[in-house]
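Q: Could we go through this structure together, step by step? I would like to learn how to read it.

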Amino acid sequence: MNPVNYLYLAALLFTIGASGVLIRRNAIVVFMCVELMLNACNLALVTFSRMHGNLDGQIIAFFTMVVAAAEVVVGLAIIVSLFRSRHSASVDDASLMKL
């Protein structure tokens with residue numbers, strides 16, 4: 001396959017993720033869309049790395065995956081806390097967690 005096809009796929013995935021973040025109200029769906037955007041960036045980084053013949057993009061993509069794993073832990077803890085206190089996973093209810 002042509003590397004440009006991978007870049008088109010990364011752009012499509014990023015667009016789907018960004019529209020999901022902007023449109024949806026459910027915190028879990030927004031969270032999954034952010035993960036989709038991170039994966040699209042990783043795909044673009046690895047594609048550019050392969051096109052230029054070095055490992056820099058793959059190393060950056062690895063560190064991005066590590067940060068995404070940490071984000072999953074913290075983000076799901078916040079979503080579970082929100083759901084337990086408000087019985088809803090709506091993003092609009094997140095401001096109600098303030099004391």
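The conversation below covers confidence, the helices and a few single residues.

Q: What kind of model is this, and what pLDDT does the chain average?
A: It is a predicted model. The chain averages a pLDDT of 88, and 92% of the residues score at least 70.

Q: Where is confidence lowest, and where is it highest?
A: Confidence is lowest in H3, at a mean of 88, and highest in helix H1, residues 3-23, at 96.

Q: Now to the annotation. Where does UniProt place the feature "transmembrane region"?
A: The UniProt entry, which is unreviewed, places this feature at residues 6-23, 28-48 and 60-83.

Q: How much of the span 28-48 is helix, and how far apart are its ends?
A: Residues 28-48 are 100% helix and 0% strand, and the end C-alpha atoms lie 30 Å apart.

Q: And what about residues 60-83?
A: That span is also 100% helix, with 0% strand. Its end C-alpha atoms are 34 Å apart.

Q: How do the axes of H2 and H3 cross?
A: The axes of H2 and helix H3, residues 56-86, come within 8 Å and cross at roughly 175°.

Q: Why are they called roughly antiparallel?
A: Angles over 145 degrees count as roughly antiparallel, and therefore H2 and H3 are described as roughly antiparallel to each other.

Q: Which residues make up the contact of H2 with H3: nonpolar, polar or charged?
A: The residues of that contact divide into 14 nonpolar, six polar and four charged.

Q: Let us pick a residue. Is Asn 42 buried or exposed?
A: Asn 42, which has its place in helix H2, counts as buried because its relative accessibility is 8%, and the cut-off for buried is under 20%.

Q: What is Asn 42 in contact with?
A: Leaving aside neighbours within four places in sequence, Asn 42 is in contact with Ala 61, Thr 64 and Met 65.

Q: Next, Thr 47. Where is it found, and is it buried or exposed?
A: Thr 47 is found in helix H2, which comprises residues 27-52. At 6% relative accessibility, Thr 47 counts as buried.

Q: And its contacts?
A: Beyond neighbours within four places in sequence, Thr 47 is in contact with Pro 3, Tyr 6 and Leu 7.

Q: What does Leu 7 touch in turn?
A: Leu 7 belongs to helix H1. With neighbours within four places in sequence set aside, Leu 7 is in contact with Ala 44, Thr 47, Phe 48 and Met 51.

Q: How far apart are Leu 7 and Leu 43?
A: Leu 7 and Leu 43 are 36 residues apart in sequence, and their C-alpha atoms are 7.6 Å apart in space.

Q: One last residue: what about Ile 28?
A: Ile 28 lies in helix H2 and is partly exposed, with a relative accessible area of 39%. The C-alpha atoms of Ile 28 and Ser 90 are separated by 8.6 Å, while the two residues are 62 residues apart along the chain.

Technical notes: Residues are numbered from 1 along each chain as its sequence is written. This is a predicted model: local features need pLDDT of at least 70, side-chain atom pairs count only at pLDDT 80 or more; totals for chains, interfaces and linings use all residues. Side-chain values use heavy atoms; hydrogens and water are left out. Helices (H or I, at least four residues) and strands (E, at least two) are DSSP runs, numbered from the N terminus. Buried means under 20% relative accessible area, exposed over 50%, partly exposed in between (1.4 Å probe, protein chains only). Contact means heavy atoms within 4.5 Å. UniProt positions are given in the numbering used here, feature names are shortened, and annotations may be inferred rather than shown by experiment. Axes are lines fitted to C-alpha atoms, for helices over the stretch in contact, and angles run from 0 to 180 degrees between N-to-C directions. Angles under 35 degrees count as roughly parallel, over 145 as roughly antiparallel, 65 to 115 as roughly perpendicular and the rest as oblique. Ala, Val, Leu, Ile, Met, Phe, Trp, Tyr, Cys and Pro count as nonpolar, Asp, Glu, Lys and Arg as charged, and the others, Gly among them, as polar. pLDDT is the predictor's confidence in each residue, from 0 to 100.
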